[in-house]
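The following exercises concern overall form, salt bridges and surface charge. Please work through each task before reading its solution.

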Amino acid sequence: MANTPQARKRIRRNERRAVINGNRMSRIRTFVKTVEAAIAGGDKTAAQEALKAAQPELARGVARGVIHKNTAARKFSRLTKRVASL
């Protein structure tokens, strides 16, 4: 159990941030899934549009510290390769 006021404050802060970060990750996953669904459907134009929408979300996740830079780069690279192969 936290004994100092600062430790109590950190616990409260961490709980709030966990909710916010969870929402951000969920949003990123949703955008990535729309790209994957368009790829699975074989619709190249829809996949390109979804990829265009997903890229800023991945970049925003990196900027906010929710995902690692290399993770976002890897995801974007793999999705781009899959869209290009349609």
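**Exercise 1.** Compare the radius of gyration of the protein with that of a compact globule of 86 residues.

*Solution.* In this predicted model, the protein has a radius of gyration of 17 Å, whereas a compact globule of 86 residues would have one near 12 Å. Next, consider the box filled by the C-alpha atoms: along the principal axes it spans roughly 60 × 20 × 15 Å. The elements are then listed: 3 helices and 0 strands, in the order α-α-α from the N terminus. Finally, 21% of the 86 residues count as buried.

**Exercise 2.** Determine which residues are linked with Glu 57 in a network of salt bridges.

*Solution.* Start with the side chain of Arg 27, which meets that of Glu 57 in a salt bridge at 3.1 Å, N to O. Arg 27 belongs to helix H1 and Glu 57 to helix H2 (residues 44–63), so the pair ties together parts 30 residues apart in sequence. Then take Arg 60, whose salt bridge with Glu 57 has an N to O distance of 2.6 Å; both residues lie in helix H2, about one turn apart. The network therefore comprises Arg 27, Glu 57 and Arg 60. As to exposure, Glu 57 is buried at 8% relative accessibility, while Arg 27 is partly exposed at 45% and Arg 60 is partly exposed at 38%.

**Exercise 3.** Identify the salt bridge that Glu 36 forms, and locate both partners.

*Solution.* The side chain of Glu 36 meets that of Arg 82 at 4.0 Å, N to O. Glu 36 lies in helix H1 and Arg 82 in helix H3 (residues 69–84), so this pair ties together parts 46 residues apart in sequence.

Note on methods
Residues numbered from 1 in each chain as written. Predicted model: local features only at pLDDT ≥ 70, side-chain atom pairs only at ≥ 80, totals over all residues. Heavy atoms only, no water. Helix = DSSP H or I, 4+ residues; strand = E, 2+ residues; numbered from the N terminus. Rg over C-alpha atoms; globule rule 2.2 N^0.38 Å. Buried < 20%, exposed > 50% of the residue type's maximum accessible area, 1.4 Å probe, protein only.
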